Amino acid sequence: MGLLIARTGDHDKIRFEKTGLVYAGTMYVLLGLIILSVLGLPLLLTGYFVPVTSQIAGMPVAVVMDGWNMHIGAMKLPMVPLLIALFLLPVTIITALFIRFKNVDRVKEYMCGEK
Amino acid sequence: MYPLITSLFLVPVIVSGLLLILPKSVARILVITSSLVLAALSLYVFINLDGVLYFGVPHYVNDLVAVADIVLLVYFGWIALRRRSWQVGLMTVLQFGGLLYLLKILPADHSLQFMVDKLSAFMFLLINVISGIIAIYSLRYIDEEQCSSFRKKHFLSILFWFIAVMNLVVSSNNLEYFFLFFELTTLASFLLIGFRKDELSVKNALTALWMNQVGGVAILAAIFFIIYNGYGEATFSNLLAHASASGIMLPLALLSVAALIKGAQLPFSKWLLGAMVAPTPVSALLHSSTMVKIAPFIILRLSPALKDTPVATVVIALTGFVFVAAAISALSQDNFKRILAYSTIALLALMIMMAAVGTPVTIVAALVLILFHGMSKCLLFLNAGILERVFHLKQSSDMDRLGESGPFTSLVITIGFMSLLLPPFGAFIGKWLSIETLGALATDKKLLGALVIVAVAGGGAVLSPALF
């Protein structure tokens, strides 16, 4: 991931590439599904995963919201750190892509011609 | 509900046939509309399915299944002769012998060959949504492939036929039917891995074929022992009904072996790694998003019977080792698709392990991992195709500064990897639930806990370089 977002500084403007409708469209749909499933995780747990689990295990699985914690059976899932992570992760990526530091050494180390 | 479920089997088969004859422009519309229809149907089935739906098929279908089994094995035998593969030949002979014997001793009249419950509906949704996206993506990918226009049609046709087979696999109750559909997925992987027809593709396709055939032999042996031990019909429901009987352990163990092979667990991981030579949609479809999910599906299906048995202990210990060994091996890879393949093996191990533990929370963890891994890996594999086709990159070391030439692609890859690793994404939640539960397991069941810890911490680190 570090290699991917590393930049030389030769191209300060971000220009999003054109990969075509089919490639970009499928990527958008998958990204949308992943982000929606994160946002709707409590709903997914109660409406999607728990009914399946209850039928397999042959017993009900309790999913209870207690303040900012979600209890799945005996397990506790703290929601606040998850929400903070959801906010921080895009900030990290966007920062890496868009914010440029001025007057810093951007030259990659010389490797004697070796990659 | 019954007509809707049947549509999930029939629509992709009909589309598969039509794709071979329709012109390109109409085929494109058909692929997109049928993908949307299948996704909508599976969502409707999931929402509206209450309880467990058992259904049988007319008597002549049993005969058709027996004939299809034989035809399939004859085809495998022909491949063994044509390609001079003794492994495929040996497995085919074993399967043929086993099948002919079973056809003699199996009860003439089967009942309730299909069983659709919430787990099947969960798998329908995953299979149809993810496969639909991959089919649409394939429209352009396969268009850019250097092959004849018929082979391009053939590729899309196999994709839809595969969707139908996958829907059938997760609906089977009768193990003879399950064997046929299991082997049809094996055939699909053979055809798709060998699609490019070069020497390496053919070699790897044969490896995938014989290794998965070992799973087929295990299923046939499981059917034999169910009947031999007098437990009645060889069905999943019957197996679960006799869960407490001691004689059921062997069939459970054999079905677990079939699951471990389909899930590319050690020592059968080679077929999945070799499958990376196939076109990228195949890697995404068969080997990350859907086909390998048959492995955790089988263990989840058997979970009530497997829980707290010696078979479960062995499965947990083995997958505990594979989880770490495959993850370490992924670190040493440079090829982007091989990194994804190793991480798939590792995560499949975790899913199978959680399903084998069999407590409600571990089952939730397994399901969360199945769904989120499917979406994230599909995203990453399809991106591997974009990297290959648009940026002409295959090795991760060549992706230096992709952020400048392809910021959107690198953004998507970054999110894809994050969604497998970090909070708040579902794969993290699944792993977190797994770790919490395994901690409790180590406290409550000291021997099993010790096995898992030793396998994970010691064996994985030391043996992985030797094994991979």
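Begin by selecting helix H10 of chain B, residues 249-262. At 1.5 Å a residue (taken over one less than the number of residues), its 14 residues should span 20 Å, and the end C-alpha atoms are indeed 20 Å apart, so the two values agree. The model is predicted, so that local features need pLDDT of at least 70 and side-chain atom pairs pLDDT 80 or more, while totals for chains, interfaces and linings use all residues. Residues are numbered from 1 along each chain as written, chains are lettered from A in the order written, and side-chain values use heavy atoms, without hydrogens or water.

Colour H10(B) by burial (buried: under 20% relative accessible area, 1.4 Å probe, protein chains only). Because 10 of its 14 residues are buried, H10(B) is largely enclosed by the rest of the structure; among them are B:Pro251, B:Leu255 and B:Lys262. Just after the helix, B:Ala264 takes a positive phi of about 55 degrees.

Next, select H6(B), residues 149-169, and H7(B), residues 175-193, which pack at about 155 degrees with axes 9 Å apart. The pair is therefore roughly antiparallel (angles over 145 degrees). Their contact (heavy atoms within 4.5 Å) includes B:Phe155 and B:Trp161 of H6(B), and B:Phe181 and B:Leu184 of H7(B).

B:Phe181 leads to the largest nonpolar core, of 200 residues, where B:Phe181, A:Leu45 and B:Leu382 are among those touching the most other members. Such a core joins buried Ala, Val, Leu, Ile, Met, Phe, Trp, Tyr and Cys through side-chain atoms within 4.5 Å. Its largest share, 20 residues, comes from H16 of chain B, residues 360-389. Finally, centre on B:Leu382: beyond four places in sequence, its contacts include A:Met27, A:Leu30 and B:Tyr137.

Terms used
Buried < 20%, exposed > 50% of the residue type's maximum accessible area, 1.4 Å probe, protein only. Helix = DSSP H or I, 4+ residues; strand = E, 2+ residues; numbered from the N terminus. Axes fitted to C-alpha atoms, helices over the stretch in contact; angles between N-to-C directions. Parallel < 35°, antiparallel > 145°, perpendicular 65-115°, else oblique.
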